Amino acid sequence: MKNSVIIVAAGSGKRMRSAIAKQYIELKGRTILSYTVETFNSSEYIDEIILVTSSEAKEYVRKEIVERYGFHKVKAIVEGGEERQDSVYRGISAVSEDTDIVLIHDGVRPFVADKYIAMLESIAMEFGGCVLGAPVKDTIKICDEEGYISETPDRKTLWIAQTPQCFKYDIIKNAYEKAEKEGFKATDDSMIAERAGVKVKMVEGDYENIKITTPEDLYMGEVILENMIKGRKG
């Protein structure tokens, strides 16, 4: 079985309020993106990596991340599109045609554990598609346009969607082609698969698999990274 991962890192990171795109901000002397790529490059469950970056960052990524750290599984560095969905679609087009399973992952989510990569691939082979996530801890309120609460959904049914989101190659390729043809826009990959008729399975991960998008997330990322380093030494 051949497994490919598309790492999406073409965003500008406006919420980080930084002159540097969030994926290139450093944690303990290394860019966030380098940690993310390392996770998949060192995984025995991944055969190839497709990196999707902005046009301006392609050479930087090639020299300062891929070549600098010897990430030999990176097959291609692809220029991203206007929206995340466009970037993923371009990444799918660069995946090897003999691929069985495709994982799609945020470039600023560097702490996914290797055991979840294996778990997602196994479940995707059985069900066609799955998403890593975590149960919502807080009570969620749905409000109207004036700010009044209109509904309180049952917390037991609510999950925080994370990445990787994992699919059989032909399923996600066909789903993205359908969305492109019909002009459908979504906020994540599972929405595109769901609209194409795929029943996507939710897989429970953990709360350390954070997406670093705000300055507050950087502090949390440093703590998680420090604990990971201590764990390796122990």
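1. In this predicted model, the sulfur of cysteine 166 has its closest cysteine sulfur in cysteine 130, and the two are 4.7 Å apart, which is too far for a bond. The same distance holds when the search starts from the other side, since the sulfur of cysteine 130 finds its closest cysteine sulfur in cysteine 166, again at 4.7 Å. A disulfide would need the two sulfur atoms within 2.5 Å, and by this rule the count comes to zero disulfides. Cysteine 166 is buried, with a relative accessible area of 0%, and cysteine 130 likewise counts as buried at 0% relative accessibility.

2. The largest nonpolar core has 30 residues, and those with the most contacts inside it are Leu33, Ile49, Leu51 and Val61. At least two residues of this core come from each of the strands β1 (3-9), β4 (48-53), β5 (74-79), β6 (101-106) and β7 (129-135), and from each of the helices α1 (32-41), α2 (58-69) and α4 (114-127). Of these elements, α4 gives the most to this core, with five residues. Apart from it lies another core, of 20 residues, among them Val8, Val95, Phe167 and Val198.

3. Isoleucine 49, one of the residues with the most contacts inside the largest core, is worth inspecting on its own. If its neighbours within four places in sequence are left aside, isoleucine 49 is in contact with Val5 and Ile7, with Val37, Phe40 and Asn41, and with the run Lys73, Val74, Lys75 and Ala76.

4. Glycine 80 has its place in the loop between β5 and α3 (84-94), and this glycine is buried, with a relative accessible area of 13%. Not counting residues up to four places away in sequence, glycine 80 touches Ala10, Val52, Thr53, Ser87 and Arg90. Between glycine 80 and lysine 2 there are 24 Å in space, C-alpha to C-alpha, for a separation of 78 residues in sequence.

5. The structure holds three aromatic pairs, two of which are described here. Tyrosine 24 and tyrosine 60 form an edge-to-face pair, with 5.4 Å centre to centre and 85° between the planes. Because tyrosine 24 lies in the loop between β1 and β2 (26-27) and tyrosine 60 in helix α2, the pair ties together parts that are 36 residues apart in sequence. Tyrosine 24 is buried, with a relative accessible area of 12%, whereas tyrosine 60 is partly exposed, with a relative accessible area of 36%.

6. Tyrosine 89 and tyrosine 176 form a stacked pair, at 6.3 Å centre to centre and with 10° between the planes. This pair links distant parts of the chain, given that tyrosine 89 is in helix α3 and tyrosine 176 in helix α5 (residues 169-182), 87 residues apart. Tyrosine 89 is partly exposed, with a relative accessible area of 24%, while tyrosine 176 counts as buried at 2% relative accessibility.

7. Two placements of a charged side-chain end over a tyrosine ring also deserve a look. The charged end of arginine 30 sits over the ring of tyrosine 69, 4.5 Å from its centre, and the charged end of lysine 137 sits over the ring of tyrosine 207, 4.1 Å from its centre.

Conventions:
Residues numbered from 1 in each chain as written. Predicted model: local features only at pLDDT ≥ 70, side-chain atom pairs only at ≥ 80, totals over all residues. Heavy atoms only, no water. Core = buried A, V, L, I, M, F, W, Y, C linked by side-chain atoms within 4.5 Å. Buried < 20%, exposed > 50% of the residue type's maximum accessible area, 1.4 Å probe, protein only. Helix = DSSP H or I, 4+ residues; strand = E, 2+ residues; numbered from the N terminus. Contact = heavy atoms within 4.5 Å. Phe/Tyr/Trp six-rings, centres within 6.5 Å; stacked < 30°, edge-to-face > 60°. Lys NZ or Arg CZ within 6 Å of the ring centre and 35° of its normal.
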